[in-house]
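Work through the following exercises with the model open. Each task is followed by a worked solution.

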Amino acid sequence: MDKRTRLRVIRRRFRPLRPKARLLFYLFRNRRRSASEVFRGAWELVDKAIAGTKVRGDFRKTPVRHIQHYNLRMVIKPFFPEFVPQVSIEPGVLEALRGAPSVIATIHLRSELSICAALDRAGIASAMITAGPMDPVNVDNYGFVSHPLNIVRDRNVFIDARAALREDRVVVCDVDFVLDRKRPEEARYVSASFFAFQQAVKAKLYFGYTNIGQDGQIECVILPSRGDAASAEEAAQEFIDFIDKMQGEKSGIQIGVWRSPAN
């Protein structure tokens with residue numbers, strides 16, 4: 001990342017962060033300490049600042065802590081190029097994912113790429129289905145040894161996903177979407193097509209979610225589905241129930257039919 005890009009990223013990411021002045025002073029004052037130590041201290045400042053406040057999330061209703069954690073990661077990286085976020089995942093899950101072709105359904109949380117990072121650090125290759133090309137700055141933030149294969153959601157998406165499974169890659173997909181981001185009351189949906197693909201190729205289905213720990217660590221929660229869904233819609237509903245449980249409240253997500261924004 002060149003100097004001009006760094007400054008542009010810092011300006012853009014600092015704008016929504018809380019508290020800005022104290023955080024900037026903290027980063028400069030501690031610039032000679034280790035990146036992980038500085039990040040933990042900076043996250044404590046940010047997390048305290050948003051605790052108990054009514055800060056609105058984005059159009060996907062992403063939890064504010066996830067948004068602020070993402071913004072802080074983007075700010076820290078230009079100051080400390082060696083920084084990579086701490087990511088945890090249960091070892092038993094990693095062994096299960098190695099055992100059979102597997103797919104992971106998750107939602108947009110601005111930290112879902114950490115699932116691929118956790119797999120990469122365990123030596124497991126992955127592929128991620130996205131609506132458009134992945135942001136290279138965001139990918140670089142995780143310090144991948146082997147980048148996840150980016151499968152763009154076009155007419156060949158499931159052909160490419162099937163090929164990725166043959167290459168022993170775990171396929172990860174954000175299955176939630178909003179039809180019109182300009183309407184804050186617009187419902188959030190999940191597409192059943194990913195679950196139909198999983199059933200067609202007979203891959204093992206997992207549900208994924210990322211929590212932000214008190215110390216700023218990203219905790220990847222990966223749980224297997226029951227495996228008894230009679231239809232893609234039933235599997236999609238099981239996934240919605242999983243998200244509701246992870247978030248501790250009804251998400252309001254519905255099952256819908258995804259369409260390209262261009263249509």
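**Exercise 1: strand β3 and its neighbours**

Task: find the bridge partner of Ala127 in β4.

Solution. Ala127 of β3 has Leu149 as its bridge partner in β4. The crossing from β3 to β4 goes through helix α7 (residues 136-141), and this β-α-β crossover is right-handed. Right-handed means that, with the strands pointing away from the viewer, the path from the first strand over the helix to the second runs clockwise. β3 and β4 pair in the parallel sense, over four bridges. Two strands count as paired if DSSP finds at least two bridges between them. Next, β5: β3 pairs with β5 in the parallel sense, again over four bridges. There, Ser126 is matched with Val170.

The model is predicted: local features need pLDDT of at least 70 and side-chain atom pairs pLDDT 80 or more, while totals for chains, interfaces and linings use all residues. Residues are numbered from 1 along each chain as its sequence is written, and side-chain values use heavy atoms, with hydrogens and water left out. Helices (H or I, at least four residues) and strands (E, at least two) are DSSP runs, numbered from the N terminus.

**Exercise 2: the faces of β3**

Task: which residues of β3 are buried on each side?

Solution. Buried means under 20% relative accessible area, exposed over 50%, and partly exposed in between (1.4 Å probe, protein chains only). In a regular strand the side chains alternate between the two faces of the sheet. On one side of β3, Ser126, Met128 and Thr130 are buried; on the other, Ala127 and Ile129 are. Five of the five residues of β3 are buried, so the strand is largely enclosed by the rest of the structure.

**Exercise 3: the seven-stranded sheet**

Task: give the strand order, then place the helices that lie on the sheet.

Solution. The order is β1-β9-β8-β2-β5-β3-β4, in an open sheet with mixed pairing. β1 and β4 (149-152) are the edge strands with a single partner each, so one side of each has no neighbour in the sheet. The average turn between neighbouring strands is 25 degrees, direction ignored. Helix α4 (residues 64-79) packs on this sheet, touching β8 and β9, at about 75 degrees to β8. Contact means heavy atoms within 4.5 Å. Axes are lines fitted to C-alpha atoms, for helices over the stretch in contact; angles run from 0 to 180 degrees between N-to-C directions. Helix α8 (residues 157-166) lies across β2, β3, β4 and β5, at about 155 degrees to β4. Inside the sheet, β2 and β8 pair in the parallel sense over four bridges. Ser102 stands opposite Lys204 of β8.

**Exercise 4: helix α5**

Task: which residues of α5 are buried, and which are exposed on the other side?

Solution. Val93, Leu94 and Leu97 are buried in α5 (residues 91-99). They fall within an arc of 100 degrees seen down the axis, so they line one face of the helix. The arc is that of the directions from the helix axis to the C-beta atoms. Pro91, Gly92, Glu95 and Gly99 are exposed on the other side. The partners of the buried residues include β1, β2, α6 and β9.

**Exercise 5: the three-stranded sheet**

Task: what is the strand order, and which helix lies across β7 and β10?

Solution. The order is β6-β7-β10, open and mixed. The twist averages 50 degrees from one strand to the next. β6 and β7 (residues 188-191) pair in the antiparallel sense over three bridges. Val178 stands opposite Arg188. Helix α10 (residues 232-247) lies across β7 and β10, at about 145 degrees to β10.
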